[in-house]
Amino acid sequence: MTNIKFDTSALRNFVNENELNEIKPMLNTARDELLDGTGVESKMRQWMTLPKDYDREEFSRIKTAAKKIKANSKYLIVIGIGGSYLGAKMALDFLHDNFYESLSADQREYPHVIFAGNSISGSYVKDLIKLIGDKDFSVNVISKSGTTTEPSIAFRIFRKLLIDKYGKSEANSRIYVTTDANNGALRQEVSENGYESFVIPDGIGGRYSVLSAVGLLPIAVSGADIDELMQGAAEAQENYSNSSLEDNSALQYAAYRNILYRKGYTNEILENYEPNLRFLAEWWKQLAGETEGKDNKGIYPSSANFSTDLHSLGQYIQQGMRNLMETVVKIDHPKSDVDIPIIGNNNDGIQYLEGKSMNYVNDKAFQSVIIAHTNGGVPNMIINLKDQSEYSLGTLIYFFEFAIAVSGYLNGINPFNQPGVEDYKQNMFALLGKPGYENLKNKIENDNN
């Protein structure tokens with residue numbers, strides 16, 4: 001693929017030439033389980049064909065809704081948690097300027113997309129209400145069940161604000177629901193109130209949902225080109241689904257990270273050199289963590305933002321426990337650049353950099369870190385991404401989704417469930433006094449006495 005190049009040259013001291021061939025039969029089996037639907041939970045693979053086989057009518061309605069929101073709202077409040085917000089948040093940060101969110105409502109060409117329902121912080125919600133003030137706003141609530149605690153609380157609050165501000169009829173026209181096609185509390189709300197609604201497909205879990213209506217509506221409202229996003233993902237689908245290991249960078253990534261995992265490199269740090277890629281790592285951490293972290297197995301996903309975190313985490317990475325591997329997402333052509341001024345003295349000690357661009361210095365920092373960390377015993381993989389366009393982001397999303405799903409099957413687990421996520425929820429329901437959880441509440445109280 002032209003927009004992604006996977007570089008493993010920094011692995012030469014960590015992976016022998018024969019090891020890729022030795023893992024290849026297992027890798028191909030895992031790939032075939034994914035592609036052919038012979039692996040466990042195969043019903044949850046609908047994301048694989050989504051870039052080409054998506055609902056064109058719904059896609060058109062998403063663009064129409066985005067235009068309507070642009071016309072009548074300064075803010076779009078997107079309510080969701082986990083995969084219901086991380087993908088869209090990642091995409092907005094990736095595609096827009098670093099200070100896109102700092103522009104006032106009156107300075108913006110498109111509505112300000114803000115996320116809620118991803119925590120239970122009363123302070124956050126109160127501050128958001130204060131930010132909105134008397135400005136016009138709409139709400140997009142995203143939940144398959146419609147009963148997830150965090151977004152349900154937020155939806156109650158912001159729905160009331162809409163009704164208080166506009167009256168019920170107008171409020172209903174400003175609520176957009178993304179949920180299950182047929183079932184659940186939110187689908188019932190749609191039927192009762194006539195909300196505009198979009199579908200979370202049955203065969204797509206939250207962490208794989210960014211290229212569905214879950215991510216596409218907020219991304220479109222922000223002014224990004226969702227046609228280009230889907231085209232980039234479609235090229236990736238074609239390439240990664242139909243090429244062998246030698247020509248398939250996603251399979252190579254899955255292979256190398258698992259070779260390293262079996263050697264004791266159990267923690268993977270996803271790194272970047274552009275501040276607006278921070279949420280790319282947050283999205284990736286859910287994708288990798290929920291997909292692979294089961295049955296006492298799985299690579300632990302972490303992240304770092306360079307060069308900033310070189311001054312906080314750099315010491316540990318360089319000389320701490322040797323259980324780390326690094327994967328760097330490197331942008332070949334950043335959006336813009338600034339030259340370092342010529343001032344005529346060397347008081348700050350950087351006269352030797354005068355006239356050079358910041359991106360040039362950033363690139364040299366990247367090169368120096370690779371050398372230092374590999375010499376220090378930390379294997380590095382590099383994902384070179386052409387630019388921060390919608391097309392490139394589409395290819396990168398599919399690259400990670402495909403590779404991580406293969407990696408799950410390669411480790412002999414179910415890549416598409418997340419049973420451990422339910423444990424804290426059950427305890428929370430019991431402690432909050434939800435009906436039906438009395439026995440669990442008694443057990444927790446007895447265990448803590």
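**Exercise 1. Is Ser-407 buried or exposed in this predicted model, and which residues surround it?**

Step 1. Take the accessibility. Ser-407 has a relative accessibility of 0%.

Step 2. Apply the cut-off. Buried means under 20% relative accessible area. Ser-407 therefore counts as buried.

Step 3. Place the residue. Helix H14 covers residues 390-410, and Ser-407 lies in this helix.

Step 4. List the contacts, leaving aside neighbours within four places in sequence. Ser-407 touches Ala-254, Arg-257, Asn-258 and Glu-292.

Step 5. Look for a polar contact. The side chains of Ser-407 and Glu-292 are joined by one of 2.5 Å.

**Exercise 2. How far apart are Ser-407 and Tyr-265, in sequence and in space?**

Step 1. Count along the chain. The two residues are 142 residues apart in sequence.

Step 2. Go from C-alpha to C-alpha. In space, Ser-407 and Tyr-265 are 15 Å apart.

**Exercise 3. Find the strand that holds Ser-138, then describe the residue's surroundings.**

Step 1. Locate the residue. Ser-138 belongs to strand S4, residues 137-142.

Step 2. Check burial. Ser-138 counts as buried because its relative accessibility is 0%.

Step 3. Find the side-chain partner. Ser-138 makes a polar contact of 2.7 Å with the side chain of Ser-73.

Step 4. Widen the search to contacts, again without neighbours within four places in sequence. Ser-138 meets Ile-69, Asn-72, Ser-73, Tyr-75, Leu-76, Ile-77, Arg-174 and Tyr-176. Ser-73 thus appears among the contacts and as the polar partner.

**Exercise 4. How many residues of strand S7 are buried, and in which sense does S7 pair with S8?**

Step 1. Mark the strand. S7 spans residues 267-272.

Step 2. Count the buried residues. They number 5 of 6, and S7 is mostly covered.

Step 3. Turn to strand S8, residues 300-305. S7 and S8 pair in the parallel sense, over 6 bridges.

Step 4. Pick out one facing pair. Ile-269 is opposite Ser-302 in S8.

Step 5. Recall a general rule for side chains. In a regular strand they alternate between the two faces of the sheet.

**Exercise 5. Describe the largest cavity: what is its volume, and which residues line it?**

Step 1. Count the cavities. There is 1 cavity of 30 Å³ or more.

Step 2. State the volume. The largest cavity holds about 30 Å³ of space.

Step 3. Name the lining. Met-44, Gly-205, Arg-207, Tyr-208, Phe-416 and Gln-418 line the largest cavity.

Step 4. Sort the lining by class. The residues divide into 3 nonpolar, 2 polar and 1 charged.

Terms used
Residues are numbered from 1 along each chain as its sequence is written. This is a predicted model: local features need pLDDT of at least 70, side-chain atom pairs count only at pLDDT 80 or more; totals for chains, interfaces and linings use all residues. Side-chain values use heavy atoms; hydrogens and water are left out. On a 1 Å grid over the protein atoms alone, a cavity is a set of points where a 1.4 Å probe fits but cannot get out, and a pocket is an open set with protein on both sides within 12 Å along at least five of seven lines; lining residues have an atom within 4 Å of a point. Grid points are joined across faces, edges and corners, and a volume is the space filled by probe spheres set on the points. Ala, Val, Leu, Ile, Met, Phe, Trp, Tyr, Cys and Pro count as nonpolar, Asp, Glu, Lys and Arg as charged, and the others, Gly among them, as polar. Helices (H or I, at least four residues) and strands (E, at least two) are DSSP runs, numbered from the N terminus. Buried means under 20% relative accessible area, exposed over 50%, partly exposed in between (1.4 Å probe, protein chains only). Contact means heavy atoms within 4.5 Å. A polar contact is a pair of N or O atoms within 3.5 Å; within protein, one must be able to donate a hydrogen and the other to accept it, and residues adjacent in sequence count only if both atoms are side-chain atoms. Two strands pair if DSSP finds at least two bridges between them.
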